Amino acid sequence: MTDVQAATGPAAAAVRQPLLETRRLSVEFGGLKALDDLDLEIYEGEIVSVIGPNGAGKTTLFNAITATVESSDGDIVFEGRSLLGLDPNRVTSSGIARTFQNVRLFANMSVLENVMVSQHCRTKQHAFGALLYTRAFRREEAEIRQRAEKILEFFGTRLVGYRMDQPAFTLSYANRRRLEIARAMATQPKLILLDEPVAGMNPVESAELTGLIGRLRDEWGFAIVVIEHDMGVVREVSDRVVVLDHGVKIAEGDYADVANDPQVIEAYLGKGAGDP
Amino acid sequence: MIGKALRRKAPRTGVDWFLTVMRVAALTVVAVGLLAFIAQEIDTNNPFARWANPDATGLTRAQFQGLIVSGVAQGAMYGLIALGYSMVYGVLGFINFAHGEVFMVGAMTGMITSTKLADAGMWESNFIGSLVLIVFVSVIVCALTAVIMERVAYRPLRGSPRLIPLITSIGVSFFLQNVSLVLLGPAAKAYPDVPDWVKSKHTFLEIEGAKILVIVVAAASMVCLWYVVERTKSGKAMRAVAEDAEIAALMGINVNRTIVKVFALGGAMAGMAGILWGILFRSVVHTTGFLPGIKAFSAAVVGGIGHLGGAMTGGLSIGVAESVGPLLILEPLGVSGVSQLRDAVAFAVLIGVLLLRPNGLFGERLPSEDRT
Amino acid sequence: MTATLPPTSSPQLEAPLAAPRPALAHDWRRIARMGSIAAFAQVFIALSNMPVALDGRTMVKPVLSLGYLVLLILPFAAGYRQGHQTKLEGVTQHAAGPNEVVGGLACGMIAGGGLSLLAVLLANFDLRDPLVNWSPILLDTLTFGNAPWFAVVIWLAIGAGAGASGGVLRLLGPRSRRATVTMVLAVIGAAVLESLMVDLADGLRLEALTDRLYAKRGGVTWPGALVLAAVSGGLAVVGRGRFRTARARLANLEGAKRSRANAGLILAAAAVLIVLPLFAGKLTNELLANVGLFVLLALGLNVVVGLAGILDLGYVAFFAVGSYSAAVLTAATSPKISPEMPWLVALIVVVVITGLVGLFIGAPVIRMRGDYLAIVTLGFGEIIRLLFQSDWLSGWFGGAQGITLIPGANIFGLTEVSGTDPRRVFYLVLAFCALAIYVSWRLERSRLGRAWMAVREDETVAEAMGINTVNVKLLAFVVGAILGSFSGAIFAAKVGSVFPSSFLILVSIVILVVVIFGGMGNIVGVIAGSAVLIGVLGGPKQPGLLAEFSEFKLLIYGALLVWMMLARPEGLIPSVRRTRELHQVEMAQDAWLRGQVDGEDGGGGDPQPTVQP
Ligand SMILES: Nc1ncnc2c1ncn2[C@@H]1O[C@H](COP(=O)(O)OP(=O)(O)OP(=O)(O)O)[C@@H](O)[C@H]1O
Ligand SMILES: [Mg+2]
């Protein structure tokens with residue numbers, strides 16, 4: 001599972017073909033352009049942060065990539081193939097997984113089941129296997145379970161033990177966010193899209209999760225796009241930062257550049273911040 | 001640059017292909033049927049018409065007109081009932097399956113009061129007065145029925161998973177239907193005889209008085225409802241609650257009372273439709289509400305649920321389609337006994353519209369939590 | 001790896017009980033309201049003709065007929081209910097005392113007063129015109145053949161008595177209350193099951209027992225009732241605790257032991273079901289076969305509604321298609337084509353046909369919102385019946401005349417299963433039920449079952465997690481369709497004829513009621529639900545044990561559906577998961593109160609009770 005080239009970073013990536021590329025991507029809601037001609041490239045093994053003020057279109061970008069909303073113009077290319085017109089489940093099975101800003105677990109399924117069901121697109125056994133209780137079926141069930149447990153163990157002791165069999169709604173907020181990430185990992189993606197993964201966590205938890213995001217890339221080889229408002233986390237994890245405002249990319253680069261970009265400051269603080 | 005054309009979702013899965021085939025097939029059947037109809041209207045011995053249906057006879061102008069008019073009259077009633085479905089769906093986001101039974105209650109109330117009036121001799125001596133009276137009684141009874149229904153069965157379920165109130169309303173529908181059965185008996189019950197001017201055809205377009213009456217009254221009720229919803233304070237509250245109940249509550253609108261008003265209004269419209277049904281068909285049974293109820297719901301969906309104008313348009317379309325459709329499309333295709341398939345045609349219209357335009361003709365207006 | 005949690009009990013919020021309330025300290029308006037509602041319902045029941053129609057069925061020999069029993073229930077329930085105290089933190093709970101009895105008495109009296117009033121009205125006015133049951137017979141029933149004033153007095157008294165006994169029930173300790181309830185239920189149950197018991201006793205040579213218990217013309221004899229009450233009450237006092245511990249022990253068993261215990265239970269149940277019909281007569285077997293058919297239908301619908309969460313109101317369509325295609329394939333009299341296949345061969349074709357019809361109906365509806373889907377499937381159900389009925393296709397399906405003279409089901413040339421021998425029908429149904437149970441049980445615990453669960457929970461997220469929701473739901477639809485077609489094919493062979501009128505939408509609704517009553521998503525619940533409802537009240541056309549209810553059963557089904565949704569949406573025997581879905585908020589709160597919730601919320605430290613490695 002671990003990709004050997006994972007840790008090579010953006011320097012090497014520049015010469016390679018991007019893993020995901022949006023070309024002049026636009027999304028409109030009625031008259032509102034939530035994304036406007038956005039060009040974005042994500043390379044393998046990279047962690048990219050997407051930041052921007054509220055309503056900038058960050059979540060919409062994720063929604064467009066995962067086909068949850070329809071884009072009005074432009075193209076999305078993943079591993080050289082266009083994702084346009086695919087159903088969300090096909091996007092996921094082609095290797096892009098996501099989490100949701102407003103945590104959306106399968107609340108009444110157990111923690112383990114949440115992770116098991118997310119392996120759906122990577123497993124094959126169908127109704128007949130289950131009915132005849134074939135050996136292949138049993139083997140696959142065991143594998144699904146093992147893989148789920150392995151993924152849950154990635155989060156330390158928080159999601160294993162008795163908690164594994166508890167319904168997801170009994171989890172604390174932070175654990176729900178962790179479980180969402182576990183679920184995304186279970187789809188065995190190449191690229192994970194994390195929508196505000198530390199929102200609502202306390203500083204200790206948030207620091208811990210920041211470490212986990214790094215390990216996700218290093219140990220599991222995922223490329224990661226993070227939407228995040230917490231600048232500490234952004235500085236910590238990102239190889240590259242992309243700033244959106246009103247659906248337009250206003251800056252891109254490493255953290256230091258972006259943080260000092262006057263346009264970015266303006267977008268966050270408003271034009272002529274400080275005026276009465 | 002990827003063109004707009006590619007972006008429109010092309011069939012991808014087997015299901016999509018199948019649906020495309022079905023759409024095409026449905027449209028083909030309709031088109032061929034229509035063509036055959038036109039062919040046989042031009043000349044009954046037209047080879048194309050003969051090929052489709054060897055016994056084609058065609059329709060005379062008067063027949064055709066008659067069909068359209070009865071379709072419109074019936075559609076007007078569907079429209080009135082549909083308003084109730086549409087308003088409740090718009091506000092609470094669930095299908096009040098029992099609304100058709102409220103309509104039945106209206107027709108039954110009308111039957112009871114009108115027989116009593118006829119016994120007292122008032123029905124013949126002052127028909128219009130009696131009519132106003134039975135409408136009044138029936139509207140009140142139906143509004144009450146709807147309000148009690150909301151209070152007892154639906155209010156405790158606010159905020160539960162969305163299929164729960166639907167299942168409950170199926171139970172309510174069943175219950176009301178059988179209440180009528182056990183209290184009033186299984187036999188079909190007749191409205192008293194109506195004056196000649198209602199029964200006979202009029203010089204104006206050769207339409208029966210009853211149908212004119214139905215169309216006029218339905219239009220008037222529609223206008224009243226439109227006025228209430230668009231121009232009064234309560235109407236404003238209803239629209240606000242439909243838009244977002246939580247925010248409406250924060251704005252100081254009494255959500256519960258507004259919902260009660262919505263049910264009362266919808267019930268009143270159903271009561272009105274019940275009387276019109278009684279005048280037009282002059283017979284009611286406990287099952288009277290079931291099919292018109294479902295068709296009216298279809299009408300609401302066809303028009304785009306949550307839209308008042310849409311409900312009326314949908315009602316008229318379903319009414320006309322089921323009246324004309326069998327003879328216009330199925331008969332020319334050689335289907336025998338088409339009048340038995342009226343109801344099937346009405347459902348087919350619903351399915352067809354949902355296949356071609358899932359949000360109805362005018363698009364939906366849903367409560368905010370259902371939009372995502 | 002899995003640590004067992006302590007068995008969940010409701011949070012212990014109750015403070016010690018306060019002293020009983022004084023006898024007359026009531027919220028009299030509340031009592032008046034409850035009493036009036038009950039009175040109104042009593043009048044409705046009387047006018048629905050239930051008391052008259054059910055009077056013919058004796059429950060306890062000289063004293064009580066079903067008709068009067070029905071009139072006792074509401075005052076009693078109102079009397080019991082009025083003593084209910086809200087259990088909420090900060091609300092003082094009082095011990096039960098004379099207050100409850102007085103309140104119950106008042107409540108019941110008002111409820112009985114409804115009938116008094118009705119009797120007076122019946123005697124003095126004639127409303128027979130709209131109300132068909134406004135008749136001297138009803139008056140006679142209410143007055144017990146006496147003058148109207150007698151009815152006034154007696155119903156006030158009866159109501160007061162019933163209401164007061166409801167109140168008294170609150171006075172009893174939990175143990176004696178349980179015993180009382182068991183006693184009453186045992187007697188009523190014995191009366192309801194009369195024909196079944198007599199029939200079985202015949203087969204088992206136990207007539208001596210039933211002859212004592214039941215009177216000649218029906219009804220439990222009154223000494224019999226006393227003995228039965230004593231025995232059952234005693235058993236309840238002695239046995240209840242044991243039963244409970246046994247169940248708890250079963251629930252706490254782990255892994256292999258648990259599955260062995262389950263297997264034992266299933267084997268025992270199967271043995272009873274296989275042996276029982278041998279001793280039962282024709283009528284009982286007929287009943288069993290009917291119930292079995294509905295169990296089969298309910299199991300099929302359960303896959304669609306309970307597992308995948310698709311509310312299919314047109315389920316009868318598959319029953320119809322199964323019946324009709326079996327009829328066409330096996331009957332020599334089928335109008336157009338009659339291959340006269342043996343039933344088992346035909347069954348394979350039937351499965352293929354119904355599967356295709358399932359796909360055909362499923363494909364257009366499967367992407368629709370849940371509630372639209374419900375109505376559209378209902379429309380499809382109706383279209384299919386109309387097509388079978390139409391003159392247009394009468395060349396194929398016989399129109400309104402249907403197809404008759406369908407041969408029985410020939411099983412490998414061993415036996416011929418047809419309606420003349422309901423016992424064989426029952427065995428056939430049993431076999432298919434076993435198949436249906438196996439299918440739902442296996443599928444639920446597979447990759448597909450988990451996907452259904454996810455789709456039921458949140459379709460958008462399921463889609464985003466890589467589940468092809470359309471295919472998965474369609475598959476549920478088709479599996480349901482095929483299971484429905486089995487009962488259709490058996491139905492055709494059993495009845496020997498098929499008519500469009502057997503496939504009204506009503507059937508769909510009844511199956512839905514049965515599934516919901518039993519507990520959606522839970523196989524045991526679904527079976528119990530159909531057995532109880534169809535067995536006691538009967539199916540859309542099939543009589544149940546209380547055949548007298550036939551006019552009223554749909555009324556009762558409707559009311560039951562509403563009541564279940566309001567009071568216990570998870571059903572009689574709920575599946576754990578459904579209960580969670582429906583009571584998520586309460587359960588989360590309970591868990592929090594018990595301190596079980598994982599406590600990382602709201603920042604600060606890490607106080608959660610994690611198991612350290
Ligand atoms: N389904 C939708 N329909 C209509 N408008 C939408 C929809 N989804 C998002 N929008 C609008 O698009 C804009 C961008 O929203 P988006 O959720 O992408 O912002 P965001 O950058 O994720 O903000 P936040 O930091 O608050 O999460 C907003 O103005 C929002 O109101
Ligand atoms: Mg966002």
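Trainee: Why does the span of helix α4 of chain C agree with its 27 residues?

Mentor: Take 1.5 Å a residue as your ruler, counting one less than the number of residues. Helix α4 of chain C covers residues 98-124, so its 27 residues should span 39 Å, and the end C-alpha atoms are indeed 39 Å apart. Keep in mind that we're reading a predicted model here.

Trainee: Is α4(C) mostly covered or mostly exposed?

Mentor: For that you count neighbours: a residue is called buried if 20 or more other C-beta atoms lie within 10 Å of its own. In α4(C), 21 of the 27 residues are buried, so by that cut-off the helix is mostly covered.

Trainee: Okay, let's try a single residue. Is C:Ile411 buried, exposed or partly exposed?

Mentor: Same kind of count. C:Ile411 has 16 other C-beta atoms within 10 Å, so it comes out as partly exposed. You'll find C:Ile411 in strand β3 of chain C, residues 409-411.

Trainee: Which residues does C:Ile411 touch, leaving out those up to four places away in sequence?

Mentor: Look for C:Leu344 and C:Val417. The pairing with C:Leu344 is a nice one to study: the two are 67 residues apart along the chain, yet their C-alpha atoms are separated by 6.6 Å.

Trainee: How is chain C divided into domains?

Mentor: Follow the residue ranges, and watch out for a domain written in two pieces. Domain 1 is 23-85 + 93-171, domain 2 is 264-582 and domain 3 is 584-613. To place domains in space, compare their centres: for domain 2 and domain 3 of chain C, the C-alpha centres lie 43 Å apart.

Trainee: How many residues does each chain bring to the contact between chain C and chain B?

Mentor: An interface has two sides, and you count each one. Chain C brings 44 residues and chain B brings 46. On the chain C side, the elements giving two or more residues are α14, α15, α20, α21 and α23. Of these, α15(C) gives the most, with 13 residues. Sorted by class, that side has 31 nonpolar, 7 polar and 6 charged residues.

Trainee: And what surrounds ligand 1?

Mentor: You read a ligand's shell much like an interface: who is there, and which elements they come from. Around ligand 1 sit residues of chain A, including A:Phe29, A:Asn54, A:Lys58, A:Thr59 and A:Gln101. Both β2 (32-42) and α2 (58-65) of chain A supply at least two residues each, with α2(A) giving the largest share, 3 residues. By class, the shell holds 4 nonpolar, 7 polar and 1 charged residues.

Key. Residues are numbered from 1 along each chain as its sequence is written. Chains are lettered from A and ligands numbered from 1 in the order in which they are written. This is a predicted model: local features need pLDDT of at least 70, side-chain atom pairs count only at pLDDT 80 or more; totals for chains, interfaces and linings use all residues. Domain bounds come from an automatic or database domain assignment. A residue is near a molecule or strand if its C-beta atom, placed from the backbone, lies within 6 Å of it. Helices (H or I, at least four residues) and strands (E, at least two) are DSSP runs, numbered from the N terminus. Ala, Val, Leu, Ile, Met, Phe, Trp, Tyr, Cys and Pro count as nonpolar, Asp, Glu, Lys and Arg as charged, and the others, Gly among them, as polar. Two residues are in contact if their C-beta atoms, placed from the backbone, lie within 7 Å. A residue is buried if 20 or more other C-beta atoms lie within 10 Å of its own, exposed if 12 or fewer, and partly exposed in between; C-beta atoms are placed from the backbone.
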